[in-house]
Amino acid sequence: MDIQNRNSNTTGESMPIPSIGFMVIFGVFVLVAGIGVALLARNGVLPVLPVQASEQAKRTDDLFYVLLGIGSMVFFLIQGLLLYSVVRFRAKPNDVSDGPNFHGNALLEIVWTIIPTVVVIVLAVLSVVVWNTNNAVSENENLVDGQKITINATGQRYAWSFEYLTNETNINSEPIVINSKELHTYVGQDVKVDLNPVDVIHSFWVPAMRIKQDVIPGRLTSIRFKPANDSNYYEYTQVTGPLYLVSEPGVDIPLPTPEPETPIAEATAEATTAPEATAEATAAPEATAEATPEAMTEPAAEEPQDERIVFFVEDGDNIETQILGYDESGAWVNVTLHINDEVKRTGWIPTDALGTFYNKYRIVCAELCGGGHGEMFAWIHIHDSEEAFMGWYNQEVQKRFEPPKDPVILGQQILESGKYPCANCHVLDSLGWAGITGPALNGIADRAGSRVSGLNAVEYLLATIHEPNAYLVPGYAAGQMPHFGYDETAPAGQIPYNQMSEADLIGIIGYLCTQTASGNPQDNTCGLQFGDDGALVDVDSANIFIKAFADVYDDKYEANE
Amino acid sequence: MATISVPIGQRQPKTRMPALADMLRWTVDHKIIGMQYMVAAFVFFLIGGTLALMIRWELMTPTLDVMQDGTAYNSLFSIHGTVMLFLWIVPMFAGFGNYLVPLQLGAKDMAFPWLNAFAFWLIPPAGIFMLMGYFMGQAEAGWTSYPPLSTLFGNDGQTMWAMSLHLLGISSILGAINFIVTILNMRPEGMTLWKMPLFCWATLATSIIVVMATPFLAGALTLLLLDRVGGTSFFNPANGGDVLLWQNIFWFYSHPAVYIMVLPGMGMLSEVLSIHSRKPIFGYRMIALSSMAIALIGFTVWAHHMFTSLQPELRIPFMISTMIIAVPTGIKMFGWLGTLWGGKIRFTSAMLFSLGFLSMFVIGGITGVMLANVPFDYQVHDTYFVVSHFHFVMFGGSVFAIYSGIYHWFPKMTGRMLDERMGKLHFALTYFGFFFTFFPMHMVGMLGMPRRVAVYDPQFQSWNVLISLAAFVLGFSTLILVYNIMVSLSRGRVAGANPWRALTLEWATSSPPPAWNFDEDPVPFEDPYGYGTQAATDYLNAIDRTFGVPDETPERGGALRVASAPSGD
């Protein structure tokens, strides 16, 4: 090839201008494609957003569809021009000439500066409007029976817990605080949740509600939302036994005759101590968790079952149920029973067995908070009406009217309420915990006394709660568990302790002392005396016994404050 | 028009290809230093890429299975992010800048050659500090290292992380000062700022950002180190500190740092698009000015990274400034399209990667504007949507530009062409592997998957499997480039001085250039992008006659054929 011929300037000096027809067709294509993508997403053909579970979600989504439409137009405009250019202006084989020598076009450059500017101004205005509406303060915020209450959410490595500071007082004239590991609300309630920081930054995010706010140590933040349910479709309900879950709709199997035998000793103990226990057992979702594992094994042991029976719900059991769909007649409903976190059973039940409806969505932690960040989530529980919510609320208030004196029962109540973030890290079958970050607590009452020489079981349990890093179980990383109470081993500058009242501590130790591998609390190594019915022989002396050890730590706090 | 007035054929290449041993040698030659930057950065790219593939391997299932525990997974993405940003993209562009800026200006070296070498030699110890954390409990608070997670928890690896970034920051500042002085003082006669190649403009804008912003990173890191080892409480609210202090200072550096990591790539793109479509750059001044506009507005948008933590009343102002920055970026985008328009596009590998940049970066730009909208940001902040967005900018933008630059300037640096067929295969696998890795992340994020998790809601598994498979293709595509470089170094076609027939000055010398770059002070062409005129053709022909063009007959071995007959001179 001759060097002289490698460049020869044969083309013109001006910018090639496409025909008007082409420009119109291309412009229409860009507009239609952009709007089309936005409409497809809006109508659910492109699955890009979860359900809209709040008023905020609807407005945010409308803004998103505008953004998506304009964004898609930009996308098709640029990619279209790019594709057109590389096809139309590709060099022919063996063409070694240069292109035309033009350097710009003032008019075009002004146009493509002004149009994007106008577009972003319009978007900014839309965003401000949506933002203002979504964050507007409502008069009816957090009203319960016409009175304002405070709702707190605490983010703590690695769990969420919620507090309702009620306007009620208990038998000792102390204000009643409902602790819960689920955030309860109802469709149409104006909710404001105050976010309590404890250790590191977390972020309170409900994807179904399009709301997110960081929980920041040293700062008080809050988040507002209003649950909604436009489709009026509820995914969850509770079913109450006795009831058969069957493999296909229309199968009618007579219920067995009820057996007079009491299922477990613990329930009896609870019933004798707390007068409200019966009401609790029939409706509280938490109460079902401990009763169900037996329920699930028992029928299988009795006799060879009818193959059409998937599962039998015991009399009085109350199980969370996910609704999958109805049959043609509407008399039967396809459901999944959530027997516990691990065990689920799918089948059919009669429609009239369904209880009140609700939805629940994940509350996720969106800000990196450590090794268990991925497991940190909770449920937001949206009742279908204010009445259903009040049912839950009043029952929780009732439960706390008279705090149990028995440390075992108190401890169970505290641990089940999710007041402390134990469940997401530890395994404890009796409460349905299935965490992976921390050691298992099953059978802890057998081992606690022999873990560290010189410490008895109660001392060991207290020490591991106060100073987890000093008593690591082999194979588990340091720095994961919050320090409850003063920790002398905490490095300089580290948060020295989290609040845990002595009463709570005594209750939790008491409950852990019943967690033997055999299931019989009499086998415990803590030195607590249990009767044959599984209840403490002497409640008062048990409290005094544990308190004596706990006081050692109390003195330490006082010395350090 | 005669611009290079030496006897024809006199300048046979007298230079040898830089050897591997040169990469380990203390030298003040900006070309060797530039390549040292690039080789070191590429090694870190391979390390960071391996970490990325381990992340994707873990995410194939919704449970924790590959990594030992959640903390180990956190270290993985923390080091992946830090290595990719600070030990790959930043030093890689510093390498291109070092190599090209003096050449494009017709200078003999950088303004401060010794300082230049010193700035580079801070990088290896910084990299060692970063990776050494593996032996003492790796940093696990993400590349953003928000306190209190990074101050109250974690191991000594976090301290090493901060010290490593300190060194890298010093290196960046020294390099940037050097660039600014070189660009402002060492241009040849006749090259005003408005006749400077756009890569130099981009490097100038970048260096101004580095000098202004990096001291803030140094400040933040110093406070972090003091909190970790000095017993202070700058970020500990229990003792009167403030955790948002870190976020504000960190992002005051790190948002402009995004432009540090993409502006040089945009400069390279301007060169490649113009040269390979044989046409002047469209709207030269607008592209140059938009770099400066981005550099300035880039300092007013940092808090858009904090829409979920910032005081609510400050969120809207930062939303507006963030949206404004889309305008200069849009100007560049349209300028590049205008450059292609009417050109004679050559589909070389360098050009393909630049076109790939245009088509992928635009997606990152669109999602950037979406993210600026506070109500929508609430949904996608700290989710895979954000992961997708910044990979479209940092990979679809910066890395595609780097790949384009490698194919474009490899001939100048080594005297050999990279293999074009392998280059096209590399492009195809990278382009599609990239798209299918990162585009589905938008959906996963909007549907509710937070970032930085090893354990996720099982409903996202099918998306994640698709993403991981595409990521493995993307990872594999890198090996093709490595192989191509290995093979081409020894057996590649001889490049000659100016294989792309480009007008900027780095091509007006032999490949690789001699120790002092030019045997005689070069005379720049009146317009660095003035393709399509007879004057330009004459200028290019004069270069060819002076330095010879490679013989394209099948025999290989580097013989340069020199034009036999002068014409026109």
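**Exercise 1.** Find which side chains meet B:K344 and A:D95 in a salt bridge, and work out where the two residues lie and how buried or exposed each one is.

*Solution.* Begin with the contact itself: in this predicted model, the side chains of B:K344 and A:D95 form a salt bridge with an N to O distance of 2.9 Å. This fits the rule, which asks for a side-chain nitrogen of Lys or Arg within 4 Å of a carboxyl oxygen of Asp or Glu. Next, place the residues: the pair crosses between chains, with B:K344 in the loop between α11 (326-340) and α12 (349-372) of chain B, and A:D95 in the loop between α2 (55-88) and α3 (106-134) of chain A; helices here are DSSP runs (H or I, at least four residues) numbered from the N terminus. Finally, judge the accessibility, where buried means under 20% relative accessible area, exposed over 50%, and partly exposed in between (1.4 Å probe, protein chains only). B:K344 counts as buried because its relative accessibility is 14%, whereas A:D95, at 22%, counts as partly exposed.

Residues are numbered from 1 along each chain as its sequence is written, and chains are lettered from A in the order in which they are written. Local features need pLDDT of at least 70, side-chain atom pairs count only at pLDDT 80 or more, totals for chains, interfaces and linings use all residues, and side-chain values use heavy atoms, with hydrogens and water left out.

**Exercise 2.** Describe the salt bridge between B:R501 and B:D544.

*Solution.* The N to O distance between these side chains is 2.4 Å. The pair links distant parts of the chain, 43 residues apart, since B:R501 sits in the loop between α16 and α17 (534-547) of chain B, while B:D544 belongs to helix α17 of chain B. B:R501 counts as buried because its relative accessibility is 4%, and B:D544 counts as buried because its value is 1%.

**Exercise 3.** Describe the interface of chain B and chain A.

*Solution.* Count the residues first: 100 residues of chain B are in contact (heavy atoms within 4.5 Å) with 92 residues of chain A. Then turn to the area: the two chains bury about 8400 Å² between them, 65% of it on carbon and sulfur atoms, where buried area is the accessible area (1.4 Å probe) that two parts lose on being put together, summed over both. B:F282, B:F334 and B:W341 supply 10% of the area that chain B buries against chain A, more than any other three residues. Lastly, the rule finds four salt bridges across this interface, and one between A:R219 and B:D242 has an N to O distance of 2.6 Å.
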